[in-house]
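Me: Let's go through the aromatic residues of this protein. Please keep the answers short.

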Amino acid sequence: MNRAAKDALPFGDSTDFGDANRGLVAVPDQPAIPSRSNPERMVWSFTDYEFLSDAEDAPPTVNPSLWRQGQLTDIAGLFHVTDGIYQVRGYDLSNMTIIKGLAGLVVIDPLASRETANAALKLYRDATEDQSPVTGVIYTHSHVDHFGGVRGLFGEEGDAVPDIPFIAPDGFLEHAVSENIYAGPAMARRSAYMYAAALDKGPTGQVGSGLGLTVSTGEVTLIPPNQSITTATATPRDQWQAADRIPWRPGLTRLVVDGVRLIFQLTPGTEAPAEMNIYLPEKQALCMAENATHTLHNLLTLRGAQVRDPHAWSTYLTEALQTFAEHTEVEFASHHWPTFGKDQIIEFISSQRDLYAYLNDQTLRLINTGSTGIEAAEDFELPASLKNHWYNRGYYGSVSHDVKAVYQRYIGWFDGNPAHLWNYPPVEAGRRYVDAIGGVEPLLAKAQEAYDGGDYRWVVELTNHAVFAPGVTDEYAGRAKDLQAQALTQLGYGAENGTWRNFFLTGAKEVVEGPGGTPTQAGLDLVQSLSLSQVFDTLAQTIDGPRAGEEQSAPISLQWHVTSPQQQGVTTTLRNGALIHVPGKDLLVAKPQATITLTRDALDKVLIAAAVAKGGFKEAFEAAVAADAVSVTGDDPTAPSTVFGYLTKPDTNFAIVTP
């Protein structure tokens, strides 16, 4: 951060620290939270970030603005937000909100893993001596840090699901499971960079992620919603309650859960494809989910996701302002700390609304004057009235990659220049760049010159070509990697954005040491929540298409009979290297080669076994047949094994900064 930028920010304003500590009831009563399956492994630590409070001023290895954000997100404990509303913060990347109902507790967003949710609820119960059961659960949106801990709310085992409302926005289940299954392995691998799981916590390592400190590493669970907020559930005008304070508007859904009056505003396509805000009229409290937090958010998260719509985001924030703001005295969200007082809330949400509108509209203006995404991002400046608010700083999203995301949303990956239409991939480009410069020795000399001059971005680009170029000797490759690591480290030290810092520093570590990986697997809850169609979509995405297309001269069709919990049938056909599935009977298939009969539970266990075992789906399926959990009949009982032999397993440790 340059001197002018630092001087423009109100470092002397302690309002956020006051709000983040306001209502503190209890602090964590343990140094760490152990894994449920392996008590020797900790899934969350309360001591890893003590260095943030040990020094008030940022060290030279951390951007002062990011250091301040880290200090704020490190404030952990149980907080009394307003009458009957509590939050547990600092127990995971996200917050868990607890509302006292007539008979028990209504929980909003039960964190990312079973262990942290269980510990958070225990903190509330121990501190308040309130042992009431959970009588309702609300998922504000479809990201895993807002539902993954749900079974932790129901005892150590958490397997007996009570008959209570589990409420979520329309489309929640589809997006929750597809995001974590379809491209889940790749996203998990890139999340290792985004949250820097392999880095030490400290002034030269990970200091948080801007949205929170990091993500817990416990067991991810999911209890599917039994009640969805949709446009069809919107409350008619003649059923609106005057006691709810706000005037009726189309699209709002009014519910009462355990005596707690709630008004839901759907906000699809904002921070998540399925998301909603919640207003509590009796409390004059507004939950903004993850639509308004104390950071500029991602329009395209660096771990990978669908590009979000900043125009829709801004529009829904306007709707929230118009609907709830005049009747709100406290605003809280699924991350960070609350905002108190009507005037402060209006300014906060209005400024965030303007932020996303500005990013959308000004990027489109630049697109229509011929700027590419990279060009627009390089020179894009927010006005001082926006960028000098702490809550608009780019700790999690950044102006740079958000502008590129807007470009991608409207224009796509191609910038229109035919010179960029068919670029060489990294290895081939690396070989040609090294040759063009005259060899790796002069390339490294140029890179060292750039490093000495502080041009770290150019160092990274030059050395990247040397790292990827084939045929470079170990000596030169090692020198290139060391110099690139030094440059990446300096870029990380200067980054205000927590995820940029994490990417730079993790890249520096892995370019020298090799891939560290984050081997994660979808839990049984996520697999069980897949629709049958999604199961076969997932299998189809793992087919080795080139090999199957070459080896199989004739289609192979299989009839699937799923007998419970409900009768379902599917026909799959492997042809032309693609696995196609049709519900029920495929009218174009005269007679399948084999029929597979099994329960949905058996199918789910085969999927999990295939993910965690050394073999793959073929081996897991054959083991299930041998154990009489699955039966195969028909003219060719070997046909399933032939098809499943083409299924592949994802690489959860693929290289990112090296070939």
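**Aromatic contacts**

Me: Is Phe414 buried, partly exposed or exposed?
Reply: This is a predicted model. Buried would need under 20% relative accessible area, and exposed over 50%. Phe414 has 25%, so the residue is partly exposed.

Me: How are the ring planes of Trp413 and Phe414 arranged?
Reply: The ring centres lie 5.5 Å apart. Planes under 30 degrees apart count as stacked, and over 60 as edge-to-face. Here the angle is 45°, so the pair is tilted.

Me: Which residues make the nonpolar surface patch of about 520 Å²?
Reply: Patch residues need over 30% relative accessible area. Trp413 has 66% and counts as exposed. Leu421, in the loop between α12 (399-410) and α13 (426-437), also belongs. The full set is Trp413, Leu421 and Trp422.

Me: How many residues apart in sequence are the parts that Trp560 and Phe644 tie together?
Reply: Trp560 and Phe644 form a tilted aromatic pair, 5.9 Å centre to centre with 50° between the planes. Trp560 lies in strand β17 and Phe644 in helix α23, so the pair ties together parts that are apart in sequence by 84 residues.

Me: Are Trp560 and Phe644 buried or exposed?
Reply: The cut-off for buried is under 20%. Trp560 has 1% relative accessibility. Phe644 has 4%. Both therefore count as buried.

Me: Which residue lies over the face of Tyr424?
Reply: A charge over a ring must be within 6 Å of the ring centre. The distance here is 3.8 Å, and the residue is Arg432.

How values were computed:
Residues numbered from 1 in each chain as written. Predicted model: local features only at pLDDT ≥ 70, side-chain atom pairs only at ≥ 80, totals over all residues. Heavy atoms only, no water. Patch = residues over 30% accessible without salt bridge, like charges linked within 9 Å, V, L, I, M, F, W, Y side chains within 5 Å. Areas by Shrake-Rupley, 256 points an atom, 1.4 Å probe, with all protein chains shown as cover. Salt bridge = Lys/Arg side-chain N within 4 Å of Asp/Glu carboxyl O. Helix = DSSP H or I, 4+ residues; strand = E, 2+ residues; numbered from the N terminus. Phe/Tyr/Trp six-rings, centres within 6.5 Å; stacked < 30°, edge-to-face > 60°. Buried < 20%, exposed > 50% of the residue type's maximum accessible area, 1.4 Å probe, protein only. Lys NZ or Arg CZ within 6 Å of the ring centre and 35° of its normal.
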